[in-house]
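Welcome, and please open your viewer. We will go from stop to stop, with a selection to make at each one.

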Amino acid sequence: MPSEFDLIRRHFTRPARHTELAVGDDAALLAPRPGMRLVVSTDMLVAGTHFFADTDPEGLGWKTLAVNVSDLAAMGAEPRWAFLALALPRADEAWIAAFARGFFACADTFGVDLAGGDTTRGPLTLSVTIAGEVPAGAAITRGGARAGDELWISGQPGRAALGF
């Protein structure tokens, strides 16, 4: 059985575009651009609660990151760094490879570096902490909504609940 470090090296280590130090060390080194503020969000997906355990792993990899990218987009932020924590019931190489393909397809689409994370054995649980940048004073917050503002919706609202 491959070690945790073998799985990380094989499936989750690749060159980073805008991270000084990413996967493979004790922590990441991030450098926000001048005049920018960090925006950070975390989401967790648990098998049986947020998705079925037999869900296609490649699609699940995409979804795991996409729900976090969406949180940053809602605040007007550009996503830049993600930290992925996985609890896996077993080290299924084919499942992990497919999950990583989906995760990195989403990362490439939105320009996100995987900057670190963790893996452990346990019930299938996927957690991403994402960080991005927004110009100082430009974050869109829920408290900023006013009567008469327009509300724009993209995609298909409610679609995430279709699985259940």
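Before the first selection, here is a rule for aromatic rings: rings of Phe, Tyr and Trp (its six-membered ring) pair if their centres lie within 6.5 Å, and planes under 30 degrees apart count as stacked. By this rule there are 4 aromatic pairs in this predicted model.

**Stop 1: the rings of H3**

Select Trp95 and Phe99 and show their side chains. The two rings are stacked, at 5.4 Å centre to centre and with 10° between the planes. Why are Trp95 and Phe99 about one helical turn apart? Because they are 4 residues apart in helix H3, which covers residues 93-110. Both Trp95 and Phe99 are buried.

Now add Phe103 to the selection. The ring centres of Phe99 and Phe103 are 6.2 Å apart and the planes meet at 25°, so this pair is stacked too. Phe99 and Phe103 are also separated by about one helical turn, because they are 4 residues apart in helix H3. Like Phe99, Phe103 is buried.

Finally, add Phe104. Trp95, Phe99, Phe103 and Phe104 together form one aromatic cluster.

**Stop 2: the nonpolar core**

Keep those rings on screen and select Leu65, Leu84, Leu126 and Val128 as well. Along with Trp95, Phe99 and Phe103, these are the residues with the most contacts inside the largest nonpolar core, which has 27 residues. Colour the elements that supply at least two residues each: strand S1 (36-46), helix H2 (57-74), strand S2 (78-88), H3 and strand S4 (125-135). Which of them gives the largest share of this core? That is H3, with 8 residues. As background, nonpolar side chains tend to be buried together in soluble globular proteins.

Centre the view on Leu126 next. Leaving out residues up to four places away in sequence, Leu126 touches Trp95 and Phe99, and its other contacts include Leu45, Phe51, Leu60 and Leu86.

**Stop 3: strand S2 and its neighbours**

Select S2 as a whole. Is this strand largely enclosed or open? S2 is largely enclosed by the rest of the structure, because 8 of its 11 residues are buried.

Show S4 beside S2. These two strands pair in the antiparallel sense over 9 bridges. To see one position of this pairing, pick Leu86, which stands opposite Leu126 in S4.

Then bring in S3, residues 113-121. S2 and S3 pair in the parallel sense over 8 bridges. Two positions to pick here are Ala87, which stands opposite Thr120 in S3, and Leu84, whose bridge partner in S3 is Gly117.

With S2 and S3 still shown, switch H3 back on. S2, H3 and S3 make a right-handed β-α-β unit.

**Stop 4: two residues to inspect**

Select Leu114 in strand S3. Leu114 has a relative accessible area of 9%, so it falls under the 20% cut-off and is buried. If you draw a distance from its C-alpha atom to that of Phe103, you should find 9.4 Å between two residues that are 11 apart along the chain.

Now move to Thr125 in strand S4. What is its relative accessibility? The value is 18%, so Thr125 counts as buried. Again leaving out residues up to four places away in sequence, Thr125 touches Met44, Leu45, Val46, Ala85, Leu86 and Ala87.

**Stop 5: the whole chain**

Zoom out and switch to a cartoon view. The chain has 3 helices and 4 strands, and along the sequence they follow the pattern α-β-α-β-α-β-β. Of the 164 residues in the chain, 34% are buried.

Try a surface view as well. The chain exposes about 9700 Å², with carbon and sulfur atoms supplying 58% of that area. Finally, consider contacts with a separation of 6 or more: residues 24 or more positions apart account for 87% of them.

Key
Residues are numbered from 1 along each chain as its sequence is written. This is a predicted model: local features need pLDDT of at least 70, side-chain atom pairs count only at pLDDT 80 or more; totals for chains, interfaces and linings use all residues. Side-chain values use heavy atoms; hydrogens and water are left out. Rings of Phe, Tyr and Trp (its six-membered ring) pair if their centres lie within 6.5 Å; planes under 30 degrees apart count as stacked, over 60 as edge-to-face and the rest as tilted. Buried means under 20% relative accessible area, exposed over 50%, partly exposed in between (1.4 Å probe, protein chains only). A nonpolar core is a set of buried Ala, Val, Leu, Ile, Met, Phe, Trp, Tyr and Cys residues joined through side-chain atoms within 4.5 Å. Contact means heavy atoms within 4.5 Å. Accessible areas come from the Shrake-Rupley method with a 1.4 Å probe; for residues, only the protein chains shown count as cover. Two strands pair if DSSP finds at least two bridges between them. A crossover is right-handed if, with the strands pointing away from the viewer, the path from the first strand over the helix to the second runs clockwise.
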